[in-house]
Amino acid sequence: MTEFAVWAPEPDRVRLDVDGALYDMTPSDDGWWRADVDARDDARYGFVLDDDPKVLPDPRSPRQPDGVHARSQLWQPKPDAWTDTGWAGRSIAGEVIYELHVGTFTTEGTFDAAISKLDHLVDLGVGLVELMPVNAFSGVHGWGYDGVLWYAVHEPYGGPDGLIRLIDACHARGLGVLIDAVFNHLGPSGNYLPRFGPYLSAGHNPWGSSINLSDADSDEVRSYIIECALRWMRDFHADGLRLDAVHALVDTTAVHLLEELSAETDALAEQLGRPLSLIAESDLNDPRLITPRDQGGYGLTAQWDDDIHHAIHTAVSGERQGYYADFGSLETLANTLKHGYFHAGTYSSFRRRRHGRPLDTATIPATRLLAYTLTHDQVGNRAVGDRPSQRLDFGQLAVKAALALGSPYTAMLFMGEEWGSSSPFQFFSSHPEPDLARATAEGRKAEFAEHGWDADEIPNPQDPATFLRSKLNWDEVGDGDHARLYRVYQGLIALRRGEPDFADPWLDDLHIDFDETRRWIVLHRGAFSIACNLGEEATRVPVRGDVVLAWGEPQIEPGATTLAGHSFAILRTDQVR
């Protein structure tokens, strides 16, 4: 017999459909309904609420073989599915993380196809793979942030069995795996949760209705989220989660959901005997996220740091539009790299108010912040999804890499960045409902038309060509400047891994010099100096030593080094400041 259970305090009657046969379910006072049925191991099932004959998928569905609008399927991993019994886990602190989108990482766009590229990542030197959302969402392809069945794995990628094969293959190569989890909203297509119970609150965020984390009957909703998060790490052997837009989690309880999840994750890590990490995406610049729980924080492992991205990108590229307005100078770059946040209780012209809070660099290591020059957001949320490699020259790309990978922060790359991929990463979707598809396309055009873009230039998210254009072209990796840039990234990561001075996580030990006029900046990391020329003309930088890695043929002179325009040099100075 198989026990079926569903939390459904909203309807007055719940019946279970198993392979087309209906069974009455028994309610309990806590809103749960249960039924024991003799079912096949791979039975298709769902729930019928009140008098509506439509069979709805299980909110905790383990598999959705026919999409998010169809019946769920019972699923358990095969007994011999895992071979990673010797996997001891991998901490993210100071690591290099590689963010990828399964559907565009390869031509095939599947978990199994991604396995064929893992040796490339090992050769590059990264330590962990971060998968953009793999939960079940409506349509065949999309970014994954419109998930509606959080427990199920997107079937076109390969379903739960395919995800197991990918994670097992990563662990076999020494690569950890992080999964991007979205708990702040539900997608517009296939969201049947409100039919079952009060999963949503009266509030809204930019993506739809907020999740009920602190209103009446929210305890079960919180459990729904926490159990889902733990399932990815326990049942799918993930080494941690990236938590999407946690600033959109509206929680007025005394113990924030993130603090509760952090405690549960630490308990699971102790039980499993391997480290588990929680990385927040947050727009708040609030160090409480990464402050230990016993010091009054939420105890998350790390957080994305967009200020570092903005500071590096604007200083190198010269862009100043939108939220880049407060960035761009070398002084801003130096302050951000030195202090973790740029906006730390300071005025933000984009928000037209004060923003952020200072980071205590004496107690919180830099490795709790992620430094990057590229993410899916910073490419895909541009009007045409263009990468820096489509606008900047080789030297500028190399300088950006040196600043991020040479910093004390945990580093992250976005797929294809390491060879300057020419493929855009555009916003794409495949909503099956005509009205929703039309609204998505029109909304995208209208959004960017307000900022002066020609609506005809904005790719239609629903056009399959938009998705296909965003796939990586792996034939580029070994060609010309692509291959040279790859070797720069490879060298930076190897230096980061091989030299103890680059493992120092304390920002108080980081010293930075710069010259705004001559456009150079130097990061001093123990016995090493990372000298970068962001200007177009050659310039003399007052540091010298033995060159260990460079782009642009630096000229060593008495007391100085001349750097070509858009170039960098990492020097062993043997002078610890």
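Two strands are taken as paired if DSSP finds at least two bridges between them. On this basis, β27 and β28 of the predicted model form a hairpin with 2 residues between them. Within the turn, Gly559 has a positive phi of about 75°. Strand β27, residues 555–557, pairs with β28 in the antiparallel sense, and 3 bridges connect the two. Among the facing positions, Glu557 stands opposite Ala560 of β28.

Strand β28 has a further partner in β25 (residues 539–541), to which it is joined by 3 bridges, again with the strands running antiparallel. Here Thr539 has Leu563 in β28 as its bridge partner. The outcome is an open sheet of 3 strands in the order β25-β28-β27, with antiparallel pairing. Each of the edge strands, β25 and β27, has a single partner strand, so one side of each is left without a neighbour in the sheet. From one strand to the next, the twist averages 30°. The side chains of β28 (residues 560–563) are divided between two directions: Ala560 and Thr562 point one way, whereas Thr561 and Leu563 point the other way. All four of these residues are buried.

A second sheet closes on itself. It is a barrel of 8 strands with parallel pairing, running β8-β9-β12-β15-β16-β17-β20-β21. In this barrel the twist from one strand to the next averages 30°. Strands β8 (residues 96–100) and β21 (residues 410–414) run parallel and are joined by 4 bridges. One of the pairings places Tyr98 with Leu413 of β21 as its bridge partner. Helix α14, which spans residues 480–498, packs on the sheet and touches both β8 and β21. The direction of α14 makes about 160° with that of β21.

Another hairpin is formed by β13 and β14, with 2 residues between the strands. These strands run antiparallel and are joined by 3 bridges, β14 covering residues 208–211. Leu200 has Ile211 as its bridge partner in β14.

Helix α6 comprises 17 residues and reaches 24 Å from its first C-alpha to its last, close to the 24 Å expected at 1.5 Å a residue. Of the 17 residues of α6, 12 are buried, so the helix is largely enclosed by the rest of the structure. The buried set contains aromatic residues, including Tyr224 and Trp232, together with Arg222 and Arg231. Also among the buried residues of α6 are Val221, Ile225, Ile226, Leu230 and Met233.

Aromatic contacts were then considered. The search of the whole structure finds 27 aromatic pairs. One of these is a tilted pair between Tyr151 and Tyr224, with 5.2 Å centre to centre and 35° between the planes. Tyr151 belongs to strand β11 (residues 147–153) and Tyr224 to helix α6 (residues 218–234), so the pair ties together parts that are 73 residues apart in sequence. Both Tyr151 and Tyr224 are buried. Tyr224 also pairs with Tyr199, in this case edge-to-face, at 5.1 Å centre to centre and 75° between the planes. Tyr199 lies in the loop between α5 (193–196) and β13 (200–205), whereas Tyr224 lies in α6, so this pair ties together parts that are 25 residues apart in sequence. Tyr199 has a relative accessible area of 2% and is buried. Tyr224, at 1% relative accessibility, likewise counts as buried.

A further aromatic cluster consists of Trp143, Tyr145, Phe414, Phe425, Phe427, Phe428 and Phe467. In addition, a charged side chain is placed over an aromatic ring: Arg242 lies over the face of Trp304, at 4.1 Å from the ring centre.

Note on methods: Residues numbered from 1 in each chain as written. Predicted model: local features only at pLDDT ≥ 70, side-chain atom pairs only at ≥ 80, totals over all residues. Heavy atoms only, no water. Axes fitted to C-alpha atoms, helices over the stretch in contact; angles between N-to-C directions. Contact = heavy atoms within 4.5 Å. Phe/Tyr/Trp six-rings, centres within 6.5 Å; stacked < 30°, edge-to-face > 60°. Buried < 20%, exposed > 50% of the residue type's maximum accessible area, 1.4 Å probe, protein only. Lys NZ or Arg CZ within 6 Å of the ring centre and 35° of its normal. Expected span 1.5 Å × (residues − 1).
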